[in-house]
Amino acid sequence: WTPITATGAPIPQNTVGAAGTSNTLGNVLFFGGKVGQRYSNDVQVVKIRDNTAEWTPVSVGGEKPQGRQGATLTPLQTDSNKFFLFGGSSDVTVEDVPYKLILSDGTYNWMKTRPNDVFPSSRTGHTVTAWKEDGRDEKMVLFGGCDSANACANDVWLFTYSTERWEKMEITGNTMPKKRSKHSAFVRDDKLYVYGGLDNNDRDK
């Protein structure tokens with residue numbers, strides 16, 4: 001581990017439950033989170049260069065999502081200037097509408113998607129991982145998470161970024177992972193790996 005002191009401005013306030021990610025350009029992005037009693041929908045960017053970090057003001061436009069915590073923000077593998085936001089919760093609701101965040105001409109623009117009639121339930125504490133098969137459109141792989149009643153899931157959904165369509169995967173096998181939230185997941189060699197998390201949102205398991 002190497003401690004890094006960030007410079008620049010504006011430096012964000014202490015935040016709980018922000019969605020964080022990075023891209024191949026060396027930028028780390030944060031979205032939302034709970035700041036005091038407020039649910040934020042801010043986009044914060046810190047540039048990492050040679051063990052230095054600098055908070056950088058950004059211009060954000062488009063149809064902005066509602067403030068929330070516990071969402072996921074996932075970059076595309078094929079375009080490091082495009083991101084996919086899903087889920088999260090506020091004091092009003094748990095979200096189920098995906099958004100795209102696209103960097104163009106120095107401005108981050110939000111786009112609310114218009115998915116098909118088949119889509120996953122609203123949730124938080126889930127994972128979303130980018131997946132690109134050879135010769136096919138890039139997809140986002142959603143697993144797990146819990147709804148507003150703390151009912152958790154172990155379903156798998158695919159979101160095709162270009163067509164904005166959800167597809168629920170048919171899962172086979174005798175060793176289905178338990179329903180869970182706040183786990184980790186990644187895709188490697190066309191396989192989804194899931195580790196840890198809370199067993200059906202039970203903090204004691």
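In this predicted model, a search of the whole structure finds nine aromatic pairs. One of them joins phenylalanine 30 and tryptophan 55, whose ring centres are 6.0 Å apart. Planes under 30 degrees apart would count as stacked and planes over 60 as edge-to-face; the planes of these two rings stand at 40°, so the pair is tilted.

The positions of the two residues in the chain add to this picture. Phenylalanine 30 belongs to strand S3 (residues 27–31) and tryptophan 55 to strand S7 (residues 52–56), so their contact ties together parts that are 25 residues apart in sequence. The partners can also be described by their accessibility. Phenylalanine 30 has a relative accessible area of 30% and is therefore partly exposed, whereas tryptophan 55, at 14%, counts as buried.

Aromatic rings also gather in a cluster, in which ring pairs link Phe84, Phe86, Trp157, Phe159 and Trp166. A ring may also have a charge as its partner: the charged end of lysine 100 sits over the ring of tyrosine 161, at 4.3 Å from the ring centre.

From the rings, the reader may turn to empty space. Rolling a probe the size of a water molecule over the atoms shows where such space is left. The largest pocket holds about 400 Å³ of space. Strands S14 (139–143), S15 (156–160) and S19 (191–195) each give two or more residues to its lining, and the largest share, three residues, comes from S19. Altogether 21 residues line the largest pocket, and Val141, Val156, Ile171, Lys191 and Leu192 lie nearest its centre. By character, the lining consists of 12 nonpolar, five polar and four charged residues.

Notes. Residues numbered from 1 in each chain as written. Predicted model: local features only at pLDDT ≥ 70, side-chain atom pairs only at ≥ 80, totals over all residues. Heavy atoms only, no water. 1 Å grid on protein atoms, 1.4 Å probe; cavity = no way out; pocket = protein on both sides within 12 Å on 5 of 7 lines; lining within 4 Å. Points joined across faces, edges and corners; volume = space filled by probe spheres on them. Helix = DSSP H or I, 4+ residues; strand = E, 2+ residues; numbered from the N terminus. Nonpolar A, V, L, I, M, F, W, Y, C, P; charged D, E, K, R; others polar. Phe/Tyr/Trp six-rings, centres within 6.5 Å; stacked < 30°, edge-to-face > 60°. Buried < 20%, exposed > 50% of the residue type's maximum accessible area, 1.4 Å probe, protein only. Lys NZ or Arg CZ within 6 Å of the ring centre and 35° of its normal.
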